[in-house]
Amino acid sequence: MTWASRPAAATGGAPTAAAPADGVVPFRGARQAGITTPAQDRLHFVALDVVTDDPRELRDLLTAWTRAAERMTAGAEAAPGGVVGGGPYGVPQDTGEAFDLAAANLTVTIGYGPGLFDGRFGLADRRPEALRELPAFAGDDLDPARSGGDLCIQACADDPQVAVHAVRNLVRMGFGVVAVRWSQLGFGRTSSTSTAQVTPRNMFGFKDGTANLKAEDPVALDEHVWVDPAEATGGAAWLAGGSYLVARRIRMHIEVWDRSTLQDQQDTIGRDKKVGAPLGRRDEFDEPDFAALGADGAPRIPVDSHVALAHHSNLQGVRILRRGYNFTDGSDGQGHLDAGLFFIAFVRDPFRQFVPMQQALARADRLNEYIEHTGSALFACPPGLRDGQDWGAQLFG
């Protein structure tokens, strides 16, 4: 059973994950919150570069971040009396925009990029084997200014101001130690991480993440999401029970898509647009039948459709936990929306799961006509914190 989503037993079936009634997701436990936690509606994601060479400064910041994140996820100020408690001549230790707001199921999840283990901070022998740069994929148009990072913070909440407040205050605390490399706001989750949630829709109008892993399936999570202690040996033992976070900024060519026919859209995705069923089936959660033929004798679900190429039955059993969000970042200066999907996935091993999946999609996915990947990053997310632990001691040992 995963800690972050706190599943409760359901009568006659699997445990069901549900958001806490008081809107506060516990910060401490065996797993970090914000992974299997029922996906909230809003996201603020930030990747940061470490600009100090002093390992003590980095460790102290991670310790301070732990205290502040735990307070903010409980609905409190980033520091006691942080908004006005320092008096008129003191610098506020909380920026104040969430002072009167509820916790809104805020979760703060931290991850570490490959560059953090380059030797600057004495962490080279603590780098997990799978924490290395992702390979190039066909069709990528990656912007270096929207890729990579030494650290990441994922703040999710049901109130956008609460999520932005969390990131803003952690970044403020890190002045002189870290600097923002890139960030992304997201709205309208594009995946469900609990059976208690309905499947949402992406910016193309299709249900997204129907076959996603769920918090109520601990066996599948152990197999596909959580890093096994046997795979986190030596100096990398700190990652046992954690996960890898893959982030991809996927620009959708909205205007081209909006001029395509419904049939072309459905053949591209491999699902019915209205109910989300695999083509040739009736219900959203029906298993796709890739052998079924249409009236023309061709496969009812095109072999180059997104569903066909991404389905675990065609990827030697590869599955991932998706936790992405829609985004709209204004226009591109040429009259087109800069909009799409900020893809987030948690996996046990990115090179055994995400990489082969993305290679298959990049090679043949019909959807590539309408999308391009413009940002990319990989981070290792440690397990949760027990009482008395903090991120600094957890990473540095």
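**Exercise 1. Classify Phe45: is this residue buried or exposed?**

Solution. Phe45 has 0% relative accessibility. The cut-off for buried is under 20% relative accessible area. Phe45 therefore counts as buried. Keep in mind that this is a predicted model.

**Exercise 2. Classify the ring pair of Phe45 and Phe379, and state which parts of the chain the pair ties together.**

Solution. Start with the total: the structure holds 13 aromatic pairs. In the pair of Phe45 and Phe379, the ring centres are 6.3 Å apart. Rings pair if their centres lie within 6.5 Å. Next, take the planes, which stand at 55°. Planes under 30 degrees apart count as stacked, and over 60 as edge-to-face. The angle fits neither class, so the pair is tilted.

Now place the residues. Phe45 lies in strand S1 (residues 42-50), and Phe379 lies in strand S9. The two are 334 residues apart in sequence, so the pair ties together distant stretches of numbering. Phe379 has a relative accessible area of 0% and is buried. Finally, look at the cluster: Phe45 and Phe379 form one aromatic cluster with Trp182 and Phe342.

**Exercise 3. Repeat the analysis for Phe204 and Tyr370.**

Solution. The centre-to-centre value is 6.5 Å, and the planes are 80° apart. That makes the pair edge-to-face. Phe204 sits in the loop between S4 and helix H3 (218-224). Tyr370 sits in the loop between H7 and S9. The residues are 166 apart, and their pair links distant parts of the chain. Phe204 is buried, with a relative accessible area of 3%. Tyr370 is buried too, with a relative accessible area of 3%.

**Exercise 4. Trace the strand pairing around S7.**

Solution. Begin with S4 (residues 178-189). Two bridges join S4 to S7 (residues 325-331), and these strands run antiparallel. Here Arg189 has Tyr325 as its bridge partner in S7. Move on to S8. S7 and S8 pair over five bridges, in the antiparallel sense. Phe327 stands opposite Gly340 in S8. The two strands form a hairpin, with five residues between them. In the turn, Gly333 has a positive phi of about 85°.

**Exercise 5. Which elements do the buried residues of H7 pack against?**

Solution. First list the buried residues of helix H7 (residues 354-364): Phe354, Val355, Met357, Gln358, Ala360, Leu361 and Ala362. Then name their partners. They pack against strand S5 (243-252), helix H6 (306-310), strand S8 (337-347) and strand S9 (371-381).

**Exercise 6. Where does Arg132 lie relative to Phe351?**

Solution. Arg132 lies over the face of Phe351. The value from the ring centre is 3.7 Å.

How values were computed
Residues numbered from 1 in each chain as written. Predicted model: local features only at pLDDT ≥ 70, side-chain atom pairs only at ≥ 80, totals over all residues. Heavy atoms only, no water. Buried < 20%, exposed > 50% of the residue type's maximum accessible area, 1.4 Å probe, protein only. Helix = DSSP H or I, 4+ residues; strand = E, 2+ residues; numbered from the N terminus. Contact = heavy atoms within 4.5 Å. Pairing = 2+ DSSP bridges. Phe/Tyr/Trp six-rings, centres within 6.5 Å; stacked < 30°, edge-to-face > 60°. Lys NZ or Arg CZ within 6 Å of the ring centre and 35° of its normal.
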